[in-house]
Amino acid sequence: VINMTKDSLAIYQSISNDIITMKLKPGDMLKEIEVANKFNVSRTPIRDVFKRLEYDKLLDIHSQKGSFVSKINLEGITDMMYVRTQVEISVITELINVVNPGNIATLQLIIDDQFRLLNMMREPNCDIQALSSKFYELDNYFHEQIYSRAGKLSVLKQLNSISPSFSRFRYLTFLREEKQIEELCYLHKKILNCIEEKDLVTLKDVVYSHNFSGIIGIEKVREKHPEFFE
């Protein structure tokens with residue numbers, strides 16, 4: 001991994017977040033001088049940032065043509081889903097052993113907010129991009145609470161650092177059809193019910209369905225936006 005200063009890391013995080021949340025779309029060009037001017041730094045730290053983005057498969061650097069936001073490659077996505085599924089089953093099992101009513105209430109509030117967003121998505125002329133971003137944030141918060149309450153937040157951070165391109169894949173799944181977003185909301189409800197009921201048998205199937213539903217959803221996104229994919 002490319003070693004970066006604190007300031008360079010902050011720039012990297014800002015740009016990678018813009019790529020993950022599609023503010024910078026696949027195929028968009030990034031110019032060192034423009035990025036350096038934006039962050040009021042020299043081009044030297046920007047080169048390190050670009051190298052790190054390339055390492056994370058978020059940027060393609062071509063010496064003659066320039067640097068472009070990488071198109072999405074689905075190879076390896078199912079492997080990452082499998083890893084995350086196994087880890088989350090273990091983490092939620094840990095949570096079940098220590099869960100309290102406050103934890104349940106917090107997760108329920110997040111799910112309630114997700115259903116409110118879902119209703120907003122059904123309104124005519126809604127801003128799907130903005131609502132998808134909020135749904136992505138709530139989905140992250142839901143999982144962060146599970147890992148945190150189980151005392152495993154560092155595990156989630158490690159998972160996210162392994163594959164930033166997987167985070168972009170997850171974000172894209174929230175650009176799919178409203179019916180599939182509704183299914184995700186109900187899967188979160190089922191996960192919470194498994195936690196409340198300490199139902200480890202059903203939990204495995206629900207977590208698997210939740211994580212792998214993205215594969216179905218991403219095909220819908222690819223139909224709408226083929227230019228995002230390799």
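Colleague: Let's start with the strands: which residue in S3 is the bridge partner of Leu30?

Modeller: Ser67 is the partner of Leu30. Strands here are DSSP runs of E with at least two residues, helices are runs of H or I with at least four, and both are numbered from the N terminus. Two strands pair if DSSP finds at least two bridges between them. S1 and S3 run antiparallel, joined by 2 bridges.

Colleague: Before I go on, what am I looking at?

Modeller: This is a predicted model, where local features need pLDDT of at least 70 and side-chain atom pairs count only at pLDDT 80 or more, while totals for chains, interfaces and linings use all residues. Residues are numbered from 1 along each chain as its sequence is written, and side-chain values use heavy atoms, leaving out hydrogens and water.

Colleague: Where is confidence lowest, and where is it highest?

Modeller: pLDDT is the predictor's confidence in each residue, from 0 to 100. Helix H8 (residues 164-172) is lowest at a mean of 85, and strand S1 (residues 29-30) is highest at 97. The protein averages 91, and 100% of the residues score at least 70.

Colleague: Back to S3, then. How many bridges pair it with S2?

Modeller: S2 (residues 59-62) pairs with S3 over 4 bridges, in the antiparallel sense. The two form a hairpin with 3 residues between them, and Ile61 stands opposite Ser67.

Colleague: Which side chains of S3 are buried?

Modeller: Buried means under 20% relative accessible area, exposed is over 50%, and partly exposed lies in between (1.4 Å probe, protein chains only). In S3 (residues 66-69) the side chains alternate: Ser67 and Val69 are buried on one face, whereas Gly66 and Phe68 point to the other and are not buried. Across the protein, 45% of the 230 residues are buried.

Colleague: And how many salt bridges does a search of the whole structure find?

Modeller: A salt bridge puts a side-chain nitrogen of Lys or Arg within 4 Å of a carboxyl oxygen of Asp or Glu. The search finds 8. One of them links Asp56 and Arg52, with the closest N and O atoms 3.2 Å apart. Asp56 is buried at 7% relative accessible area, and Arg52 counts as buried at 16%.

Colleague: Which residue meets Asp113 in a salt bridge?

Modeller: That's Arg116, at 2.3 Å from N to O. The two are separated by about one helical turn because they sit 3 residues apart in helix H5 (residues 101-121). Asp113 is partly exposed at 31%, as is Arg116 at 48%.
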